Each structure stands twice: as structure tokens, then as C-alpha cells.
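Biologist: Please take one part of this model and look at it closely. Explain each term when it comes up, as for a first-year student.

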Amino acid sequence: MDRAPGLSVRLKLTLSYAGFLMFAGILLLAAVWVFLLRYVPNRAMLYDPDDSPTGGVFPVRSALLQVFAPRAAAVLAFVLVFGLMGGWILAGRMLAPLTRITDATRTATTGSLSHRIRLPGRKDEFRELADAFDAMLARLEAHVAEQRRFAANASHELRTPLAISKALIDVARTDPGQDTAELLDRLHTVNTRAIDLTEALLLVSRTEQRTFTREPVDLSLMAEEATETLLPLAEKHGVTIETRGDIAPTTGSQALLLQLATNLVHNAIVHNLPEQGTVRVTTGVRPTTVVLTVENTGEPLPPALVPTLTEPFQRGTERIRTDHAGVGLGLAIVKTITQAHDGTLILTPHPEGGLRITVELPATTPPTHSESPGQK
């Protein structure tokens with residue numbers, strides 16, 4: 001935004017310091033006049049030289065003013081010069097941290113987010129501002145890096161189905177005898193995957209912007225609806241789903257929290273043992289939060305791999321595409337929805353295999369312990 005030029009803060013502080021000194025000097029001279037010179041007689045008074053230490057004549061007010069006024073003016077001039085010079089130096093020292101913060105801000109506006117102020121010294125207002133700015137830059141740098149990585153991965157993932165569709169169309173053009181039904185089925189599968197990926201990307205974007213309306217939601221009902229919806233998929237994979245828990249009241253988007261629960265259960269079903277697998281879905285209440293926990297059996301996961309599972313387009317140890325492999329955004333969406341609802345997401349691998357995922361969200365009312373165990 002364009003602004004009209006004005007005085008710098010350093011100059012304003014300098015003028016303020018000098019003005020304060022001049023005002024203090026004038027007050028001091030006024031005090032001398034009020035409490036001293038006003039009691040000096042305005043007419044000459046004679047005394048006995050032998051009895052008076054001042055001689056034979058006591059000084060009069062006019063004579064004192066003639067001597068005092070020039071020296072007072074000189075003192076005020078010195079105070080003004082001293083105030084301007086000292087104020088300029090002092091203001092510069094005081095504003096030096098602000099200059100560093102301004103330089104860091106200008107550096108950040110050019111796109112360089114790796115710069116940090118790291119202002120030394122003990123804690124004060126400027127150092128608190130510098131520390132807060134450094135923390136903001138760190139979060140912004142991490143967010144930008146994540147967005148760039150996400151965009152690159154999304155471009156790669158979207159390019160794959162488009163390339164397959166183009167190849168199928170080229171084959172149909174060059175080979176008129178190609179089975180049309182088979183070609184349409186393959187195109188439908190590829191396009192469905194592209195649509196699912198696009199919808200997932202839009203969901204992540206909308207969730208990050210927090211444009212949803214908050215309303216009371218029972219997290220246990222969301223978990224129950226998700227398990228009922230995915231029960232046929234679990235039966236197809238030979239996975240048993242166990243649900244148990246308490247009423248878990250929170251606030252947020254019912255659609256997003258249902259998506260969160262669905263993604264967690266879907267991920268636990270797909271990434272499970274080839275047969276006789278188990279998924280446990282539990283809701284609980286704590287003093288200030290509600291908890292949704294989804295556990296599954298499966299192959300042991302390396303501890304270093306677990307933190308990366310919430311990154312976009314990560315599918316465990318292998319990127320194998322199956323009928324229900326998803327688009328690689330399941331846990332990334334869960335993480336985004338959790339953060340948008342001011343919650344926390346914790347991934348814990350079981351030593352014997354499988355994964356435990358815990359979502360903790362703020363509770364809205366004191367916990368009501370109404371347990372409704374069940375098994376599917």
C-alpha cells in the first residue's frame with residue numbers, strides 16, 4: 001500500500017527526547033524564578049559593610065536577571081543540542097532490533113523463508129516479537145514446502161490416469177477391432193480414479209481453509225456409520241470389525257468427521273492381514289476431549305515409516321494399486337480434518353504388526369458415560 005512520506009520513528013523519538021529535556025529545563029528555571037528570584041528585592045538596599053557579608057549593597061532582581069538570563073539561555077541551548085544528539089543515538093540503539101525485524105520481513109516477502117532473526121539478549125518486547133516472527137516463518141516455511149510437495153505429487157498422480165486414458169483412446173483408434181466393452185470398462189475405471197483423486201484434493205483444500213460450519217456432532221455415531229458402510233468391504237477382505245465406546249460429543253462438520261472416520265476404517269481394512277484380520281474401532285471420553293481410536297492387524301511397520309503415512313500419496317511400504325487402494329490421500333485427509341477441528345492425530349505401530357491411530361478432538365460437554373458395546 002502506498003503511503004505519503006513522513007517522519008521516521010527514530011526522528012520522532014529524538015524530537016520527543018529533546019523536547020522532554022527542554023521542558024524539564026524550563027521547569028527547572030521556572031522553579032528557580034518562583035522559589036528564589038521572586039524574593040529578591042527590586043530596589044537597592046544598603047547594609048553596614050562590617051555587618052553584611054555581601055558588602056554594602058544587596059543585589060537587586062534586575063541585576064540578577066541580567067546576569068542569569070544569558071546563562072540560562074545558554075544552558076537551554078546546550079540541553080537542546082544534547083537532547084537531539086543523545087536522543088538520536090539512544091533512539092538508534094533502541095530501534096536496532098526493529099530494523100533487523102524489518103529486514104527479515106522484507107527478505108521473507110521475496111520468497112526466502114529460511115531466514116531467521118535470532119535476536120540475542122534477554123527477553124523484552126522486541127525479542128518477543130522477533131521470536132514470534134521466527135516461529136511464524138518456520139511454520140510458513142514448513143507449510144509452503146508441504147504445499148509444493150503436495151502439488152508435485154498431485155500433478156504426478158493426476159498425470160497417470162490421464163496418460164492411461166490417452167493410451168487407451170490411441171489403441172482404439174489404431175485398432176478398430178478392439179473390444180469396445182472392455183475398453184469402456186477400463187476407461188471407466190481410470191476416469192473414476194481421476195475423479196476420486198480430484199474430489200480428494202478439493203476436500204483437502206476446503207478443509208485447510210476451514211470454510212465449514214460447526215455444529216454438535218457425536219463422534220461415536222460417525223464411527224458407527226462408517227463401520228456399517230464399510231462392512232461389505234471388510235467381509236470381502238475377511239476382516240472382522242469390532243466397535244465399542246462411549247458417546248463422544250464434539251463440534252465440527254458432520255460430513256468431514258464422517259469422512260475422517262470412514263478413511264480411518266477403510267485404511268485399517270485395506271492394509272490388514274490377507275485373511276483373518278481384525279479392526280477395532282473405539283470411542284472414548286476424557287476430561288476435556290473425545291477420542292476415536294482405530295486399530296488393525298497387519299505386517300509390522302518400520303518406526304521410521306509411520307510418521308510419513310500422513311503425507312499425501314503415501315501407501316505404506318509399497319505403492320501397489322488394488323481395487324480399493326485409494327488415491328493415497330486417506331490419512332492425509334484425516335490429518336487435515338483433525339487439524340481443522342483443533343485436534344491431534346497420533347499413529348502408533350504395534351510391535352507384533354498393525355497400526356493404532358488415535359484422533360483426539362475437543363469435547364463440548366462433560367462426558368456422559370453411556371457405553372454401547374457391539375461387534376460386527
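Modeller: The axes of helix α5 (residues 219-236) and helix α6 cross at roughly 40 degrees and come within 8 Å of each other. An axis here is a line fitted to C-alpha atoms, for helices over the stretch in contact, and angles run from 0 to 180 degrees between N-to-C directions. The angle makes α5 oblique to α6, because under 35 degrees counts as roughly parallel, over 145 as roughly antiparallel, 65 to 115 as roughly perpendicular and the rest as oblique. α5 passes α6 in a right-handed crossing; a crossing is right-handed if the near helix is turned clockwise from the far one by less than a right angle, and left-handed if anticlockwise. On the α5 side, the residues that make the contact include L219, M222, A223 and L230, and on the α6 side they include L257, L258, A261 and V265. Contact means heavy atoms within 4.5 Å. By class, this contact has 13 nonpolar, four polar and one charged residues. Ala, Val, Leu, Ile, Met, Phe, Trp, Tyr, Cys and Pro count as nonpolar, Asp, Glu, Lys and Arg as charged, and the others, Gly among them, as polar.

A word on the basis of these values. This is a predicted model, in which local features need pLDDT of at least 70 and side-chain atom pairs count only at pLDDT 80 or more, while totals for chains, interfaces and linings use all residues. Residues are numbered from 1 along each chain as its sequence is written, and side-chain values use heavy atoms, with hydrogens and water left out. Helices (H or I, at least four residues) and strands (E, at least two) are DSSP runs, numbered from the N terminus. The chain has seven helices and ten strands.

α6 also packs against another helix, α7. Their axes are 9 Å apart, at an angle of about 145 degrees, and α6 passes α7 in a left-handed crossing. Among the residues in this contact are L257, L260 and L264 of α6 and L331, I333 and I337 of α7. The contact has eight nonpolar, five polar and no charged residues.

The part to look at closely is α7 itself, which spans residues 330-340. Eight of its eleven residues are buried, where buried means under 20% relative accessible area, exposed over 50% and partly exposed in between (1.4 Å probe, protein chains only). The buried ones are L331, A332, I333, V334, T336, I337, T338 and A340. They pack against two helices, α4 (180-209) and α6 (254-270), and two strands, β8 (344-349) and β9 (355-362). After α7 comes D342, whose phi is positive, near 60 degrees.

α4 and α7 pack with their axes 9 Å apart, at an angle of about 20 degrees. That makes α4 roughly parallel to α7, and the crossing is left-handed. α4 contributes A200, L203, V204, T207 and E208 to the contact, and α7 contributes I333, T336, I337 and A340. By class, there are six nonpolar, two polar and one charged residues in it.

One residue of this contact can be followed on its own. T336 is found in helix α7 and counts as buried because its relative accessibility is 11%. Apart from neighbours within four places in sequence, T336 touches V204, T207 and E208.

Two other buried threonines can be set beside T336. T289 lies in strand β7 (residues 289-296) and, at 14% relative accessibility, counts as buried. T289 and E360 are 71 residues apart in sequence, but their C-alpha atoms are 6.4 Å apart in space. Outside its neighbours within four places, T289 is in contact with E360, L361, P362 and A363. T14, in helix α1 (residues 9-35), is buried with a relative accessible area of 2%. Beyond four places in sequence, T14 has contacts with G83, L84, G87, W88 and A91.

For the whole chain, 34% of the 376 residues count as buried. Among contacts between residues at least 6 apart in sequence, 72% join residues at least 24 apart.
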